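User: I would like a close examination of a single part of the model shown below, set in the context of the whole chain.

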Amino acid sequence: MFTSGRPPLPPVELGRTGSALLSDLTELGELQAKLLAADARIAAKRSAGSLALVAVGAVLAASALPVLLVACAYGLHALGLPEWAAFLIAAAVGLVVGGLFAWAGWKGLSRALRTFRRSGDAFSQNLTWVKASLNGQSPAPRRPAPAGPATTPR
């Protein structure tokens with residue numbers, strides 16, 4: 001259960017008052033919202049560069065790259081290639097360059113979105129605690145999730 005570094009709460013006993021349970025559930029909801037907000041800030045910071053890569057790739061593909069590719073095709077034709085082959089080679093180069101930009105941007109965005117895995121894990125652990133508390137069972141003790149920024153493998 002995610003507890004901001006505090007020891008995990010014991011399961012709710014069946015005789016416990018509704019107001020105490022409601023208080024615990026409210027605190028749990030607040031902690032979950034804070035974790036989600038922190039993960040959203042981290043994901044936004046991590047995705048800014050990737051979004052810039054995607055934008056650069058889109059602008060190049062939509063404006064300057066077609067002109068450059070046509071010029072390359074005419075250059076290849078002037079070197080003796082048939083016109084259809086020259087334009088086919090230029091188009092293939094354009095597809096490869098555009099694909100590399102898109103792939104780099106997609107990879108960065110995917111990495112940034114993995115940040116939310118921490119929120120999902122904490123929510124699952126908290127939901128398990130709530131269910132066990134409502135049933136009067138003792139959930140298996142869990143180590144609290146770290147309170148610092150999420151670290152995910154790249």
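How many helices and how many strands does the secondary structure of the chain come to? With that settled, please concentrate on the part of the chain where H2 and H3 give residues to the largest nonpolar core.

Analyst: The secondary structure of the chain comes to four helices and zero strands (DSSP runs numbered from the N terminus: helices are H or I with at least four residues, strands E with at least two). Read from the N terminus, the order of elements is therefore α-α-α-α. The model is predicted, so local features were accepted only at pLDDT of at least 70 and side-chain atom pairs only at pLDDT 80 or more, whereas totals for chains, interfaces and linings use all residues. Numbering starts from 1 along each chain as its sequence is written, and side-chain values use heavy atoms, without hydrogens or water.

Of the 154 residues in the chain, 26% are buried (under 20% relative accessible area with a 1.4 Å probe, protein chains only; over 50% is exposed, and partly exposed lies in between). Among contacts (heavy atoms within 4.5 Å) with a separation of 6 or more, 82% join residues 24 or more positions apart.

The part in question is the largest nonpolar core, a set of five residues: Leu-65, Leu-69, Ala-73, Ala-86 and Ala-90. Such a core joins buried Ala, Val, Leu, Ile, Met, Phe, Trp, Tyr and Cys residues through side-chain atoms within 4.5 Å. H2 and H3 are the elements that give two or more residues to this core, and H2 provides the largest share, with three residues.

Within the core, Ala-86 deserves attention. Leaving aside residues up to four places away in sequence, Ala-86 touches its fellow core member Ala-73, and also Leu-76, His-77 and Leu-81. Of these partners, Leu-81 lies in the loop between H2 and H3. Leu-81 counts as partly exposed because its relative accessibility is 30%.

Ala-73 also serves as a reference point for Ala-91, a residue of helix H3. The two are 18 residues apart in sequence, while their C-alpha atoms are 8.5 Å apart in space. Ala-91 has a relative accessibility of 38% and so counts as partly exposed.

The same two helices also supply the one aromatic pair that the structure holds. Tyr-74 and Phe-87 are arranged edge-to-face, at 5.3 Å centre to centre and with 85° between the planes (rings of Phe, Tyr and Trp, the last by its six-membered ring, pair with centres within 6.5 Å; planes under 30 degrees apart are stacked, over 60 edge-to-face, the rest tilted). The pair links distant parts of the chain, since Tyr-74 belongs to helix H2 (residues 64–78) and Phe-87 to helix H3 (residues 83–113), 13 residues apart. Tyr-74 is partly exposed because its relative accessibility is 48%; Phe-87, at 28%, is likewise partly exposed.

Helix H3 is not limited to this part of the chain in its listed neighbours. Ser-50, in helix H1 (residues 18–62), touches Gly-105, Gly-108 and Leu-109, again not counting residues up to four places away in sequence. Ser-50 has a relative accessible area of 8% and is therefore buried.
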